[in-house]
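Let's take a look at how two chains meet, and then at a couple of cysteines.

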Amino acid sequence: MKKVYANAAEALDGVLFDGMLIAAGGFGLCGIPELLIAAIRDAGTKNLTIASNNAGVDDFGLGVLLQTKQVKKMMSSYVGENAEFMRQYLSGELELEFNPQGTLAERMRAGGSGIPGFYTKTGVGTVIAEGKEHKDFNGETYILEEGIFADLAIVKAWKADTTGNLIFRKTARNFNPPAAMCGKVCVVEVEEIVEPGELDPDHIHLPGVYVHRIVQGEHEKRIEQRTTRKKEDA
Amino acid sequence: MPWDRNQMAERAAQELEDGMYVNLGIGIPTLVANYVGDKDITLQSENGMLGMGPFPYEGEEDPDLINAGKQTITELRRTSYFDSATSFGMIRGGKIAAAILGAMEVSEKGDLANWMIPGKLVKGMGGAMDLVAGVGRVVVVMDHTNKHGVSKILKECTLPLTGKAVVDRIITNLGVLDVTHKGLHIVELAPGVSREEMIAATEATIV
């Protein structure tokens, strides 16, 4: 089965539809599927619900899909870096479902693992718990959270082999593996595609069974907060 | 003299024991890393890293290597990387010994509010709810009063909660308080701060 596509637009051909649920990898602007996001913008797919920890910044990452008003709803843990997001949210154009960060990650992992719901202590006694089933285990109270089953996962990895085995790099891994797992279709953009056998099987971070389409491209990899120290501090 | 930011961070560093895996929040908690001394402490960054190193030298920033505050950082020889589900698995599973966090309000029952002010821009809770629900011990480091001089340690929080009955210890510019099942208990006073001054500055009941 051929998994490698020539570009992001071809890799998404036939899988996009209005009103779909997309799970996206990335934390802040680190490890985001920037090429696939641009291709979804160009495709013009509308009324999207996107499960992603953050919503990008105004002109990069998922922020570009907010600019074009292609997003109906975000499922996120933190959206603080995006003025257009706030404008659309406060004016009622955009729905927002806050998820604690670990709950969001686990909802993706669970969905990808065939688990429709799980109990967690996170959020008990807060607004997050309102309307959710509560259950006690060993004297402690937990709430029921549901797995996410996305129509599409868009993911950024460092390297793939042509069978879809993936390796991520440093903290750019973040939400990418759980997002990949919960997608009915998973499309991955990488910096380098290699032949099978070139990646050590013991060092694969996500096996190719989760990956349906792969595209290689050039990444801007923008830095959100550039913090440094001077050499003389050493 | 009450403690300044750095002295509060230095006092908070005393909470850390050799061998601990710890998560530090943004603000004063970040400064705690400067005062761990010879103790063998491994810092977790909840976006998927254990063994967080200092900021990189100019020109050596790596866009693939950031902390939970989205700042560029470096790795150490002991560093490991993992995905977000694994990261919060170790938090929720109690493997992270302690979190040192900032706060807007803490109640005498240990309720914590640090993510949302109704009517203002809501940015989200990020990983704060998961951390306070999961880690072994939650230490709050914050100013005792807000900029209007009003106590941030209250009988009941007025802001939406991050977690209910989750705070173990509060370190402020005035001293150190423990949340016990009987109520707030003074552990330590900053130099020159009297017990009466601490009680007067605190809306919650000190037992």
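## Polar links across the interface

In this predicted model, 29 residue pairs make polar contact across the interface of chain B and chain A, counting pairs with both residues at pLDDT 80 or more. On the chain B side, the elements that give two or more residues to the surface touching chain A are β4 (75-81), α3 (84-92) and α4 (128-134). The largest share comes from α3(B), with four residues. As for the mix on that side of chain B, it's 20 nonpolar, 12 polar and 13 charged residues.

There are also seven salt bridges between chain B and chain A. In one of them, Asp64(B) pairs up with Lys221(A), and their closest N and O atoms sit 2.7 Å apart.

## How much gets covered

The contact draws on 45 residues from chain B and 50 residues from chain A. Together the two chains bury about 4300 Å², with 59% of that on carbon and sulfur atoms. Within chain B, the residues that lose the most area to chain A are Tyr57(B), Asp64(B) and Lys70(B), which together account for 19% of what that side buries.

## Cysteines without a bond

How many disulfides are there over all chains? The count comes to zero. Take Cys182(A): its closest cysteine sulfur belongs to Cys186(A), and because the gap is 8.9 Å, that's too far for a bond. A disulfide would need the two sulfurs within 2.5 Å.

Both of these residues are tucked away from the surface: Cys182(A) is buried, at 4% relative accessible area, and Cys186(A) is buried too, at 0%.

Definitions and conventions
Residues numbered from 1 in each chain as written. Chains lettered and ligands numbered in written order. Predicted model: local features only at pLDDT ≥ 70, side-chain atom pairs only at ≥ 80, totals over all residues. Heavy atoms only, no water. Contact = heavy atoms within 4.5 Å. Buried area = accessible area lost by both parts, 1.4 Å probe. Salt bridge = Lys/Arg side-chain N within 4 Å of Asp/Glu carboxyl O. Polar contact = N/O pair within 3.5 Å; in protein donor to acceptor, adjacent residues only side chain to side chain. Nonpolar A, V, L, I, M, F, W, Y, C, P; charged D, E, K, R; others polar. Buried < 20%, exposed > 50% of the residue type's maximum accessible area, 1.4 Å probe, protein only.
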